Amino acid sequence: MILQAGLWLGRGSFRPTTESLGTVFKARIQVSDDVAADGLLAEATLAVDGGGEHSVMAWIVADEFGTYAVTVRGMGVDAQGTAKLESEPHLGLLWSESGDTHITFTLFEARESHGLRGFAKTAKVTWTWELALQPAQRAQTLRGRSRKGLANVVSLASRRRK
């Protein structure tokens, strides 16, 4: 599952795994074909509650082994690695050249959106995040309706009670 070229909008949260409350952010991601690399370029602007705007870029290029080479830069991260995006589960693992940062993520379909969830381990902190994304046209169509599907990527709370 690869996001199609175009503008994607979303919202999510991130937090250190040692804390119970996360920090909310809104995402605006422009996905475009990177003709020179024969892949995709995702340019994200994250509007973090109480933290201003931050930019992150990701390059996704198919390799000869049926997986994808992924490079991510921004917000103090410079990592590269590999991802399996053609079939479920859609997973990725990235690491910094120095080896002090590791990132893992999964991309999945959720009700009325796509979800991205993952972990990042730096020298001192382990972070977790989640993000729900929709193509900009779909998000604008839903403006007048409830956007409950974007409130949280997925909730396991109801399943735990059974």
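## An aromatic cluster

Let's start with the rings: the count of aromatic pairs in this structure comes to two. In one of them, Phe14 and Phe25 have ring centres 6.0 Å apart and planes at 40°, so this pair is tilted. Phe14 belongs to strand β1 (residues 6-16) and Phe25 to strand β2, so the contact ties together parts that are eleven residues apart in sequence. Keep in mind that you are looking at a predicted model.

How exposed are these two side chains? Phe14 has a relative accessibility of 21% and counts as partly exposed, while Phe25, at 6%, counts as buried. The cut-off explains the labels, because buried means under 20% relative accessible area.

Phe14 also pairs with Trp127: their ring centres are 5.9 Å apart and their planes stand at 55°, so this pair is tilted too. Here the link runs from strand β1, which holds Phe14, to strand β10, which holds Trp127, so it ties together parts that are 113 residues apart in sequence. Trp127 is partly exposed, with a relative accessible area of 29%. Phe14, Phe25 and Trp127 make up one aromatic cluster.

## The barrel

Which strands make up the barrel, and in what order? Ten strands close into it, running β1-β2-β3-β4-β5-β6-β7-β8-β9-β10, with antiparallel pairing. On average, neighbouring strands of this sheet are turned by 25° against each other, direction ignored.

Strand β5 offers a residue to look at in Val70. With a relative accessible area of 5%, Val70 is buried. Its C-alpha atom is separated by 6.8 Å from that of Ala58, although Val70 and Ala58 are twelve residues apart along the chain.

## Strand β7 and its neighbours

Now follow β7 and the strands on either side. Strand β6 (residues 77-84) pairs with strand β7 (residues 90-96) in the antiparallel sense, over six bridges. Within this pairing, Gly81 has Leu94 as its bridge partner in β7, and Thr82 has Leu93. The two strands, β6 and β7, form a hairpin with five residues between them.

On the other side, β7 and β8 pair in the antiparallel sense, also over six bridges. Leu94 appears again here, with Ile103 as its bridge partner in β8. The hairpin of β7 and β8 has five residues between the strands, and Gly99 in that hairpin takes a positive phi near 85°.

What sits on each face of β7? His90, Gly92, Leu94 and Ser96 form the covered face, whereas Leu91, Leu93 and Trp95 form the uncovered one. The background is simple: in a regular strand, side chains alternate between the two faces of the sheet.

## The largest pocket

How much space lies in the largest pocket? The value is about 1,000 Å³. The pocket is lined by 34 residues, and those nearest its centre are Leu46, Val56, Val72, Leu116 and Trp129.

Seven named strands each supply at least two residues of the lining: β2 (23-34), β3 (39-48), β4 (52-62), β5 (68-74), β8 (102-110), β9 (113-121) and β10 (126-135). Sorted by class, the lining of this pocket holds 30 nonpolar residues, four polar ones and no charged ones.

Definitions and conventions: Residues numbered from 1 in each chain as written. Predicted model: local features only at pLDDT ≥ 70, side-chain atom pairs only at ≥ 80, totals over all residues. Heavy atoms only, no water. 1 Å grid on protein atoms, 1.4 Å probe; cavity = no way out; pocket = protein on both sides within 12 Å on 5 of 7 lines; lining within 4 Å. Points joined across faces, edges and corners; volume = space filled by probe spheres on them. Helix = DSSP H or I, 4+ residues; strand = E, 2+ residues; numbered from the N terminus. Nonpolar A, V, L, I, M, F, W, Y, C, P; charged D, E, K, R; others polar. Pairing = 2+ DSSP bridges. Axes fitted to C-alpha atoms, helices over the stretch in contact; angles between N-to-C directions. Phe/Tyr/Trp six-rings, centres within 6.5 Å; stacked < 30°, edge-to-face > 60°. Buried < 20%, exposed > 50% of the residue type's maximum accessible area, 1.4 Å probe, protein only.
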